[in-house]
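Please look over the sequence and the three-dimensional structure shown here before reading on. The paragraphs that follow lead through some of the parts.

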Amino acid sequence: MKKLVRNPILVFFSLFQPIIFLLLFTQLFSNLGRFIGSGTLSYTTFATAGIVLQNAFSSAFQSGTAVVDDIKSGFLAKMLATPVNRSAILFGRLLSDVFRVVAQTIIILVLAFALGVYPATGFIGYLLVIFTVAFFGLAWSGISLALGLKTKSAETVFGIAGALTFPLLFMSTALVSQGFMPSWMQTVSSYNPISYAVNAIRVLIITGYDWSTILQAYGVIAGIGVVTLGATLYLFRKVVS
Amino acid sequence: MPGIIDVSQLVKTYGDGTKAVKGITFSVNEGEFFGFLGPNGAGKSTTIKILTTLLQKTSGSASVAGLNVDSDAAKIRKIIGVQNQDTVVDEDLTGRENLVLQGQLQQMHGPAIKERVDDLLKIVDLTDAADKRAGFYSGGMKKRLDLATTLVHNPKILFLDEPTTGLDPQSRAAIWAYLKQLNEQGITIFITTQYLEEVDRLCRRLAIVDLGEIVAQGTPGDLKQEIGADSISLGFENSSMNGGDTKIKARQVLEQKFDGVSNVVDSDVGLTVYAKNGSYMVPELVRAFDEAHIRLSTIGVSSPTLDDVFLKHTGKRIRVEEVSSANSRGMFGRRRR
């Protein structure tokens, strides 16, 4: 399925928050930043990984509302009445979501570069960052797609997304280093999948190819992906038949 | 001879136990313009969904162009065009892009799509607006575009669920004109609608469903003749005030004094009486009601219409919802990604 992305406005507005974070938040905490996470590096450099992931996080939740929209508007039914392969409809949806996340990530990384964030691993490292974000976005989209297919209500998807976003992000290493957290939160953070994904992106930006961190993240993301996309596939079949 | 659509003892029971379709049997011949009518919730949309492979039946059999809806679903999808109740066009794309996308969904390739799209734009009079985004189209234009998307792959059979509901009269007439044209080119049309006048004019045959069962089928002419009588609609003064009292009293009068009456049905304002030579009966009716102290507010005689057929078989008048939810959604353009 070919789905054209002709909605620059949407891409822009969903980027609004991460850009605000990137520009203002990092400035606000620039002095504090060394203390809460970045050490000798600029806080912007430290937080870029978190902001990239935060964007992927909220972007992924748009997939669920989009699929609700497709069901409600009859667009899904219309596609189902054509010879198009069933799974192609779902993959097309996921692919366009991944495409969006990649486009947004590139914009954020370019902006970060302008603010002086130079990746330790260079251009190739950034490609790997983008791949990691896309991979995470794919797995995370599964949650919102499954929710959308199950509840068929955009409000519910939004509500759950909103409820999840801040606890998961703040109790992860997205914006502060683990050492800065109270000990109970450190525990939560080390079980928080967001931390794994953030850490992988962060080492690519700051340290270099730390494969154990990166592969650990891929393992966690793959685990999430299997569960969420499995649930999505199951629910999609139910909706389709 | 088997029809292009054959349905036998079709049953659909939903997961929650609702019996939407309770064993219907009908068949549509190739090239026919077939009307499928019924009040809301009668099982029309469920039947269409089963025939267009969007929903699995519970039991019975259904085939489209000789293909089984369960085992040959993929083949059926290639030869049918489906227009759902909701207008579905991608508002971020232009009219032309919408059609091309649909062509790709129908697995058409290369120059064949371009040519076909140009033709279709001409057919539905959208050539001038072809390169504007569909989000800027009026309700009628969107509906026409939606209709065009169902035709991209030259389907043999068109399934249309309420294609003109919520449109202004002019757009409605335009859609019906296209459908007539398409049917004349040999496309079989299976349509549900609330506009009985158009059905009467265009449909060769029709079936009326109510509560999941077929209550009547035949040509519009036959069905009207079956009523065999003119309809006299009576309105009573205060009929709503004394509950159903006036109606009951009036029914008694009709029963006692008029042999020619074949049927009496409740209507919104009073009663509808079916009788041969209705116009001759009017003076007698007036006199009889006067004697019984029943005050008439209106009286009208008409030869049978499909409305009467519908009323007789379902006990309801068909209601046209001028602005349906589907339409209001279309007006506040939804964005799709």
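What is the order of the strands in the open sheet of four strands in chain B, and how are they paired? The order is S2-S1-S4-S5, and the pairing is antiparallel. Here helices (H or I, at least four residues) and strands (E, at least two) are DSSP runs numbered from the N terminus, and two strands count as paired if DSSP finds at least two bridges between them. At the edges of this sheet stand strand S2 (19–28) and strand S5 (67–68) of chain B, each with a single partner strand, so one side of each is left without a neighbour in the sheet. Strand S1 (residues 5–13) of chain B pairs with S2(B) in the antiparallel sense over seven bridges, and the bridge partner of Lys12(B) in S2(B) is Val21(B).

Some notes on the model belong here. This is a predicted model, in which local features need pLDDT of at least 70 and side-chain atom pairs count only at pLDDT 80 or more, while totals for chains, interfaces and linings use all residues. Residues are numbered from 1 along each chain as its sequence is written, and chains are lettered from A and ligands numbered from 1 in the order in which they are written.

Chain B as a whole has a secondary structure of twelve helices and 14 strands, and its C-alpha trace spans about 80 × 40 × 40 Å along its principal axes. The chain is divided into domain 1 (5–224) and domain 2 (229–303), with bounds that come from an automatic or database domain assignment. Taken over C-alpha atoms, the centres of domain 1 of chain B and domain 2 of chain B are separated by 40 Å. Of the 337 residues of chain B, 43% count as buried; a residue is buried if 20 or more other C-beta atoms lie within 10 Å of its own, exposed if 12 or fewer, and partly exposed in between, with the C-beta atoms placed from the backbone.

Chain B also holds an open sheet of six strands, in the order S6-S7-S8-S3-S9-S10, whose pairing is mixed. Its edge strands are strand S6 (80–83) and strand S10 (213–218) of chain B, each of which pairs on one side only. Neighbouring strands of this sheet are turned by 15° against each other on average, direction ignored. Within the sheet, strand S3 (residues 33–37) and strand S9 (residues 205–210) of chain B run parallel and are joined by four bridges, and Phe34(B) stands opposite Arg205(B) in S9(B).

Two helices pack on this six-stranded sheet. Helix H1 (residues 44–51) of chain B touches S3, strand S7 (157–161), strand S8 (188–192) and S9 of chain B, and its direction makes about 150° with that of S7(B). Helix H11 (residues 306–314) of chain B touches S3, S9 and S10 of chain B, and its direction makes about 35° with that of S9(B). Such angles run from 0 to 180 degrees between N-to-C directions, and axes are lines fitted to C-alpha atoms, for helices over the stretch in contact. Two residues are in contact if their C-beta atoms, placed from the backbone, lie within 7 Å.

Why is H11(B) described as largely enclosed by the rest of the structure? Seven of its nine residues are buried, so H11(B) is largely enclosed; among the buried residues are Leu306(B), Phe310(B) and His313(B). After H11(B) comes Gly315(B), whose phi is positive, near 70°.

On the other side of S9(B) in the strand order lies S10(B), and these two strands run antiparallel, joined by five bridges. They form a hairpin with two residues between them, and Leu211(B) in the turn has a positive phi of about 50°. In this pair, Val209(B) stands opposite Ile214(B) in S10(B).

A single residue can be followed in helix H3 (residues 95–105) of chain B, where Val100(B) lies. Val100(B) counts as buried because it has 21 C-beta neighbours inside 10 Å. Not counting residues up to four places away in sequence, Val100(B) touches Ile113(B) and Val117(B).

In chain A, the axes of helix H3 (residues 43–73) and helix H6 (residues 122–151) come within 7 Å and cross at roughly 35°.
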